[in-house]
Amino acid sequence: MSTATLLLVLDIVGIAVFAVSGALAAVDKKLDIFGVIFLAVATALGGGFIRDALLGATPAAALTDWRYLATPAIAGLVVFFVHPSVARWSRLFLLVDAAGLGLFAVAGTRKAIDFGVGPLGSSAIGILTAIGGGIIRDILVREIPHVLHREIYATAALLATIVVVIGDRLSLNDVVVAILAICVAFSLRVVSRWKNWAAPTAKAVNLE
Amino acid sequence: MSTATLLLVLDIVGIAVFAVSGALAAVDKKLDIFGVIFLAVATALGGGFIRDALLGATPAAALTDWRYLATPAIAGLVVFFVHPSVARWSRLFLLVDAAGLGLFAVAGTRKAIDFGVGPLGSSAIGILTAIGGGIIRDILVREIPHVLHREIYATAALLATIVVVIGDRLSLNDVVVAILAICVAFSLRVVSRWKNWAAPTAKAVNLE
Amino acid sequence: MSTATLLLVLDIVGIAVFAVSGALAAVDKKLDIFGVIFLAVATALGGGFIRDALLGATPAAALTDWRYLATPAIAGLVVFFVHPSVARWSRLFLLVDAAGLGLFAVAGTRKAIDFGVGPLGSSAIGILTAIGGGIIRDILVREIPHVLHREIYATAALLATIVVVIGDRLSLNDVVVAILAICVAFSLRVVSRWKNWAAPTAKAVNLE
């Protein structure tokens, strides 16, 4: 399997997983079949849409390759009919979601660098690509985005973007850097969930 | 009346109707006069803004023709002062809204095709153009978007985009295709409302 | 100090203040440290991101100058640790926020004019730039945006954009016009807060 094929496969898998998380949220809120598919697609592609609109990479990538749209639509449709089984696979789901998180962070950072954006901006775009879809999902079902107050999630994406930015600065091999970055995000996410780590919240204060 | 003039008139009418729906939601939530006008404009133009940002059709169309901005602003202002009467016209409102839905779906799909986007991507953009403004309206007043869980709405937009995509593939006359697509969306929307049709929701399941 | 330096300083100060307002909202909702920084950055830069995506000014300005990203991130971090003191500075905060409002309105309008957008469109972009970040902040913490139903806020931004548009039409000196516009927005905002002015809301009606 060539590198390009590998990346495409990882991309499609990441999209499918994010789509499932969106569809499950929609089923939970009793949306209709269209709402389930819409939330699946928005969760899977929303981060990339924000990335492409801010970079000026238009028409957005997900619009120009039919597989990027068909994958989350079909994933949403499947969840609509078989969601009990999906919910039962929650451990597998965590693992694939963690891989998708790392992958989206890497792909977003890489694309920003290719558009001439500096290190800090590229890292920001990488994080937005990775968590943007989940934020859109939560806003659409009227929740405060989970990523902003639950567990180590965005931090894992942040680390992946830092690895990519440093790797680019040191002119290291792109593929090696990408795999390393995805592994870093994946490991931190899975371990933090397993150990129940959480990011600190601000101390409550008495305003005298 | 020339075709271009007809399209402009339909566009302006569609914008006005969506603006009224936004303004009514704002009045209902007791927003101030600015909030009413803002919600009117955001509902009317939001779908087109999303479309243009994702296609790279910038500066966005609604920014370059003052009538696109003036129409929803004035509609919002009128609703602010005369909303009881507007609410009384709910049957007329349904009909014009159904026409606006079809029109926005057609216009969005057509524009995506002109930007070289494929059939699936063009259909997605058409749907986003038609329902994006309503989703923004509902998010701003903190509701789960109606289009995701109420009645046949997005489905009507979807059918219109399919007609346009197929018409384009078969190289049929643009104007004929557009009118047919608008009629399809309009009829499905009005009949579904009249017959109280709704899209199915996922079956509740007992997770043993 | 040159004009360019002055504008940069004002810009950075405006970003910092909006970042503080976002971070305070995040602390109030008990978001974690990442959530606080994210909300700070989104509030500070969100309006500019919307502006740049709609104008096609990509990659977005805040991505290409690291200071625009570093400033709100650091402001968010500081608020996370010292927020009681920040809350105590509420009067100073009002003043700087009012200056930031005027500044963002002016910068947005000016950029739209430079992109060839007409008066009404430029005014709309100026308002979006000034209030977009606050709207994103409120949506993320699940509030109806304050700017849509509280006090004279957007109206102050609107007046600033009108001053800039008229100044451009009359070919007046850019810097003089900008300062005048900022003063107008600043004064209206501070005076309206001091006098407890509010924009009118629609009259409740009995729908017989």
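Which residues in H5(B) meet which residues in H8(B)? In this predicted model, the H5(B) side of the contact consists of Leu94(B), Leu95(B), Ala98(B), Ala99(B), Leu101(B), Gly102(B), Leu103(B), Ala105(B) and Val106(B). They meet Ala178(B), Ala181(B), Ile182(B), Ala185(B), Phe186(B), Arg189(B), Val190(B) and Arg193(B) in H8(B). Sorted by class, the residues of this contact are 14 nonpolar, one polar and two charged.

The two helices can be placed along chain B: H5 covers residues 90-114 and H8 covers residues 174-194. Their axes lie 8 Å apart, and the packing angle is about 140 degrees. Angles over 145 degrees would count as roughly antiparallel, and H5(B) and H8(B) are therefore oblique to each other. The crossing of H5(B) past H8(B) is right-handed.

From within chain B, the next step is to its contact with chain A. Here 30 residues of chain A touch 26 residues of chain B. On the chain A side, at least two residues come from each of helix H2 (33-55), helix H3 (61-64), helix H4 (66-88) and helix H6 (119-140). H2(A) contributes the most, with eight residues. The chain A side comprises 21 nonpolar, five polar and four charged residues.

Last comes the relation between copies. A turn of 120 degrees, with a shift of 0.0 Å along the axis, lays chain C on chain B with an RMSD of 0.0 Å. This is therefore the relation of a three-fold axis. Within chain C, the residue that comes closest to the rotation axis is Ala53(C), whose C-alpha is at 3.3 Å. The copies use different surfaces, as 15% of the contact residues of chain C recur in chain B.

Definitions and conventions:
Residues are numbered from 1 along each chain as its sequence is written. Chains are lettered from A and ligands numbered from 1 in the order in which they are written. This is a predicted model: local features need pLDDT of at least 70, side-chain atom pairs count only at pLDDT 80 or more; totals for chains, interfaces and linings use all residues. Axes are lines fitted to C-alpha atoms, for helices over the stretch in contact, and angles run from 0 to 180 degrees between N-to-C directions. Helices (H or I, at least four residues) and strands (E, at least two) are DSSP runs, numbered from the N terminus. Angles under 35 degrees count as roughly parallel, over 145 as roughly antiparallel, 65 to 115 as roughly perpendicular and the rest as oblique. A crossing is left-handed if the near helix is turned anticlockwise from the far one by less than a right angle, and right-handed if clockwise. Two residues are in contact if their C-beta atoms, placed from the backbone, lie within 7 Å. Ala, Val, Leu, Ile, Met, Phe, Trp, Tyr, Cys and Pro count as nonpolar, Asp, Glu, Lys and Arg as charged, and the others, Gly among them, as polar. Copies are superposed by least squares on the C-alpha atoms of residues with pLDDT of at least 70 in both.
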